[in-house]
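Here's a quick tour of a protein model, strand by strand. Have the structure open and follow along.

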Amino acid sequence: MKKFLGPDFLLKTDAAKELYAKHAQKMPIFDYHCHLSPREIAENKQYEHLTELWLGGDHYKWRLMRASGISEDLITGNGDPYQKFLAWCKCIETAFGNPLYHWSHMEMRRYFDIDLPLNEKNAPKIWEKANKELKKDKLFARSLVAGSNVKALCTTDDPVDSLEYHQTIARLDNFNVKVLPTFRPDKALKADQATFKPWIEQFSAAVGMQIKSLQDLLSALEKRLDFFAKAGCCFSDHGLEPFVYGNPDEKAAEAALQKALKAEAIPQADLVSYRSVLMLFLGRQYARRGWTMQLHIGALRGNNERLFKQLGPDIGCDSIDNTCFASQLSAFMNALDVDDLLPRTILYSLNPNDNLILAALGGCFARDIPGKIQHGSAWWFNDHYKGMVAQMTDLASVGLLSRFVGMLTDSRSFISYTRHDYFRRILCDIMGGWMEEGEIIADMALAGKTVEDICFNNIWQLAFSRN
């Protein structure tokens, strides 16, 4: 019987072990999509206790705790921090097969040097030792990032954000990690929601101009794109639920905006035109700037109305959608490509049934830049062993795995970087297995270089090269 999380964890062949030990393990991290707080980095936050660092804001864990029947008071409520931690230990003890079972133990080992099973019996010892360690500056926010061998990370930022904390971080003398904003204008596209008009008011204040027309909105977005670019931004991101594209008619888009500004109902056709006009405008802007556009598709959000009203979004009540979007996504990408203004693009779907759809479609628009159109890493409900294997093998089957941009955390936690190690072990196991079975040439140097590229080099080049 193998040791739990032993040195060869997930590495089933000698070739996989060599690829990991000599190539993957040493590579730095570029966390190009995450939800870390730039304020906590700027202020080098010290965490009061393990519950704040480990369970605060982590809807992955909240979801599992609800499945265990734990009271909401001990999940997102005002329960005692130790009791919350204890409840999590009881939950994770039997979460066999869930990636959180691995990740949680890996995090305890990596950041706290705690090699104990997470369970009710060990909870007091773990709590005491971890909280002692949290008093040391190695577990302050900036040290957690730098100590994880992170060379750059991209936060997720609304166009109204001031980016003041990014500017503070850029001026630090003793912190060499690039912390860059990501332009995420989701609220600009949601003209049919009650949040739109208040957001427009915020946005108007941020750019110093009244937004009364479609042209005003486009001008304001362009101003904010320039502002983000000065802060080092090189990625945009869109959460599109669902993805829609069709008839980018500016008159219909204007009509939709005017109704939205009056909080009136918008005809569906006009709303589609509005979103299509904005997405085309933004895609062209990204291309001119050499940015990479990320499209996240396929989430079914806010399913539990009761908890949504009580707690808001991003609390563990989202799931996988099954909409048909391929023809609309193709039309959108083609509309940009015909003018040679399709930006570098990463396509993600929350539905694993879309893997081959995205990988095949991306190949239709590849040109000039290596890996310009990417099938993004296994996302959210797919960033587990089977999901990562499926995403990479599907990509390899119809595309070019060697150009893949690899793993991201998509996390709000400063100790989630063990997920990169998890991914790298799976990558090495796939390629090592192919080599052992004679499915690829036994050229360890070439395979090792490919592993290094996927772990770090490809995403660094996609983000910062301008060829």
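## Strand β9 and its neighbours

Let's start with one pair: Ile 346 sits opposite Gln 374 in β10. One residue earlier, Thr 345 stands opposite Ile 373, again in β10. Keep in mind that this is a predicted model.

Those pairs belong to a join of 3 bridges between β9 and strand β10 (residues 373–375), and the two run parallel. What about strand β6 (residues 292–297)? That strand also pairs with β9 in the parallel sense, this time over 6 bridges. One spot to look for is Ile 297, whose bridge partner in β9 is Ser 349.

## How covered is β9?

Is strand β9 (residues 344–349) mostly covered or mostly open? It's mostly covered, with 6 of its 6 residues buried.

The side chains split into two groups. Arg 344, Ile 346 and Tyr 348 point one way from β9, while Thr 345, Leu 347 and Ser 349 point the other way. Whichever way they point, all of these are buried.

## The five-strand sheet

Zoom out and you'll find β9 in an open sheet of 5 strands, in the order β4-β5-β6-β9-β10, with parallel pairing. At the edges stand β4 (182–183) and β10, each with a single partner strand, so one side of each has no neighbour in the sheet. As for what holds such an arrangement together in general, strands of a sheet pair through backbone hydrogen bonds, either parallel or antiparallel.

## Strand β2 and its partners

Now over to strand β2 (residues 150–154). This strand is largely enclosed by the rest of the structure, because 4 of its 5 residues are buried.

Which strands pair with β2? Strand β1 (residues 29–31) does so in the parallel sense, over 3 bridges. Strand β3 (residues 178–180) is joined to β2 by 3 bridges too, and these strands run parallel. Ala 152 is a handy landmark here: Phe 30 stands opposite Ala 152 in β2, and the bridge partner of Ala 152 in β3 is Lys 178.

## A negative patch on the surface

Finally, a look at the outside. Which residues gather in a patch of negative charge on the surface? They are Asp 14, Glu 436, Glu 437 and Glu 439.

Asp 14 lies in helix α1 (residues 14–24). Why call Asp 14 exposed? Because its relative accessible area is 58%, and exposed means over 50%.

Conventions. Residues numbered from 1 in each chain as written. Predicted model: local features only at pLDDT ≥ 70, side-chain atom pairs only at ≥ 80, totals over all residues. Heavy atoms only, no water. Patch = residues over 30% accessible without salt bridge, like charges linked within 9 Å, V, L, I, M, F, W, Y side chains within 5 Å. Areas by Shrake-Rupley, 256 points an atom, 1.4 Å probe, with all protein chains shown as cover. Salt bridge = Lys/Arg side-chain N within 4 Å of Asp/Glu carboxyl O. Lys, Arg positive; Asp, Glu negative; His and termini not counted. Charge placed at Lys NZ, Arg CZ, Asp CG, Glu CD. Buried < 20%, exposed > 50% of the residue type's maximum accessible area, 1.4 Å probe, protein only. Pairing = 2+ DSSP bridges.
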